[in-house]
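Here's a quick briefing to read with the model open beside you. Take a look at the fold first, then come back for the details.

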Amino acid sequence: MVANTIKFLLNNELVELANIDPNTTVLQYLREEQFKSGTKEGCASGDCGACTVVLADLDSENDTQLNYKSVNACITFVGNLHGKQLITVEDLKDGAKLHHAQQTIVDNHGTQCGFCTPGFVMSSFALHKHNQKPNRDEVLEALAGNLCRCTGYRSIIEAAITSSEHTEDDSFAKHYQQTVTALNELQKLPTPNLSGNGNNYIAPQNIDELAYELKSEPTSTLVAGGTDLALSVTQNLAVVKKLVYVGNVAELTTIEETDNDIIIGSALPYSDFIDTLHHYYPDLGDMIERIGAKQVRNTGTLGGNVGNASPIGDMPPALIALGATMTLHLDGVERTILVEDFFLDYKKTVLKESEFIKSITIPKPIAGQTLKLYKISKRLDDDISAVLAAFFIETKAEQGGQKVTNVRLAFGGMAGIPKRGPAAESALLGKDLTKETVAQAKVALATDFQPMTDVRATDKYRMTVAQNLIEKCYLELTSAYTSNVIETRVVNN
Ligand SMILES: Cc1cc2nc3c(=O)[nH]c(=O)nc-3n(C[C@H](O)[C@H](O)[C@H](O)COP(=O)(O)OP(=O)(O)OC[C@H]3O[C@@H](n4cnc5c(N)ncnc54)[C@H](O)[C@@H]3O)c2cc1C
Ligand code: FES
Ligand code: FES
């Protein structure tokens, strides 16, 4: 059964939405339909955090628990609100009393023009709902997606740290049980569906419904977090005729471990799998922490990152280096392919009409294997890579040296698709890992790629840095130089 409506809580009030264009963002809805102007529009592209709101939803494994996540309202479609609680800066006060996430901003002089302030307050609020005793690094991580052009960050950071010392119940704690009950009721509703301006939205609840939707209307556009797709609406003014939201599909939002593998549902947000990947591959966890900022990782997904087929997406090179596979689903039939075989040409993939990504399977590491990742971007946080290098190397001690028994060197930003460097790999495979073989691999890499020049880096810079990263990896593996520091600067060239 399909209902022509979506339902959610706006703070504590149940809202039923019908007849609204599904291309509407949460930010537009708040400001233009609800006249709640506390949530600001800075960039409309997920970069500044001025539009940060918090979404609370039921934990997928414990329906008596709420998870509070900061998201960018400017790149979240209104349909994604179904079944959740939307909290804006107007909702934080308890009667006349400011929330401590607000009061500490006042006390620490953390605001001047005030444009960025609601966004910072909401990021701080989400952090404290999620983590009662954050350390300084966790505070910095929570605020990294919020920009301030006039106050300066010290006082804002101090405010967020001080806020964590408050332990009294806020209005959300007081209404916790009521919210849990209301959201559980919303979970029982039929498949949500929206129409407006001749455009449609549906949020299938299981994989069969999703496959059916795509089979019946093959021109539909899949949306998960929307952190890529929504930019085409907010920046390029595209209109999506039919949106199919995958974030409610039970089979696509799980994470599972077997003896040998980690299987991640394509629609599971980064925040929900980063810890597992960090446990097995610390470099991968560190790198995911540099994908966008917290708001982007709270909604962005692996399926969206791979499905978008961008040559500068950060996950594909890592997945290729790891030998990860992906399961694709078409009308009840599944096939499994290597992630490296998914990409055909710039933004072209092997996906057939009506087919979608179900899950991605990452092998667990075994002794002798190493994954090294290097993200080269101008800023540490919230920045797109100029080059992403992902090196998987397996060695065996032999005759006093380390023989390379398996190697995959994958790169993003070096070609129209993320891909491996076969000549550089050949220079290393079966050889001792020495300065000489690494020098040969660097030379060979120049025959693997002809990178382009764009705003992020020149072709010459890209090649030079990629070659040098092979050497850096070698030095880290073989010498006392074991720093985990990830290079972040694109030097002028
Ligand atoms: C401020 C900002 C910073 C960012 N920083 C980074 C960064 O540092 N590194 C990086 O790699 N990316 C970055 N991104 C891009 C984006 O956040 C990621 O690519 C994210 O993983 C996309 O996931 P999503 O769920 O939001 O995708 P969506 O926008 O929902 O979808 C993206 C594309 O994938 C398709 N798709 C979605 N799910 C599936 C599926 N199951 N099967 C087939 N196709 C599917 C959609 O149809 C769409 O074409 C950034 C984005 C923003 C706004
Ligand atoms: S308005 Fe800048 S992130 Fe949304
Ligand atoms: S207070 Fe003015 S932008 Fe932050």
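Is the crossing of helix 16 and helix 17 left-handed or right-handed? It is right-handed. Keep in mind that this is a predicted model. The notes below start with that helix pair and then turn to ligand 1 and the residues around it.

**The helix pair**

- Helix 16 covers residues 435-448, and helix 17 covers residues 459-478.
- The two pack at an angle of about 160°, and their axes are 9 Å apart.
- Because angles over 145 degrees count as roughly antiparallel, helix 16 is roughly antiparallel to helix 17.

**Polar contacts of ligand 1**

- Two backbone contacts stand at 2.7 Å: an oxygen atom of ligand 1 sits that far from a polar backbone atom of Ala 224, and an oxygen atom of ligand 1 is also 2.7 Å from a polar backbone atom of Leu 229.
- A side chain joins in too, with an N or O atom of Thr 301 lying 2.7 Å from an oxygen atom of ligand 1.
- On its own, ligand 1 has 980 Å² of accessible area, and the protein covers 92% of that.

**The shell around ligand 1**

- Strand 9 (221-223), helix 13 (302-307) and strand 17 (356-363) are the elements that each give two or more residues to the shell.
- Helix 13 supplies the largest share, with 4 residues.
- There are 34 residues around ligand 1, and those that come nearest are Leu 222, Ala 224, Thr 227, Tyr 270 and Thr 301.
- Sorted by class, the shell has 15 polar, 12 nonpolar and 7 charged residues.

Key. Residues numbered from 1 in each chain as written. Chains lettered and ligands numbered in written order. Predicted model: local features only at pLDDT ≥ 70, side-chain atom pairs only at ≥ 80, totals over all residues. Heavy atoms only, no water. Near = heavy atom within 4 Å. Polar contact = N/O pair within 3.5 Å; in protein donor to acceptor, adjacent residues only side chain to side chain. Areas by Shrake-Rupley, 256 points an atom, 1.4 Å probe, with all protein chains shown as cover. Nonpolar A, V, L, I, M, F, W, Y, C, P; charged D, E, K, R; others polar. Axes fitted to C-alpha atoms, helices over the stretch in contact; angles between N-to-C directions. Parallel < 35°, antiparallel > 145°, perpendicular 65-115°, else oblique. Left-handed = near helix turned anticlockwise from the far one by under 90°.
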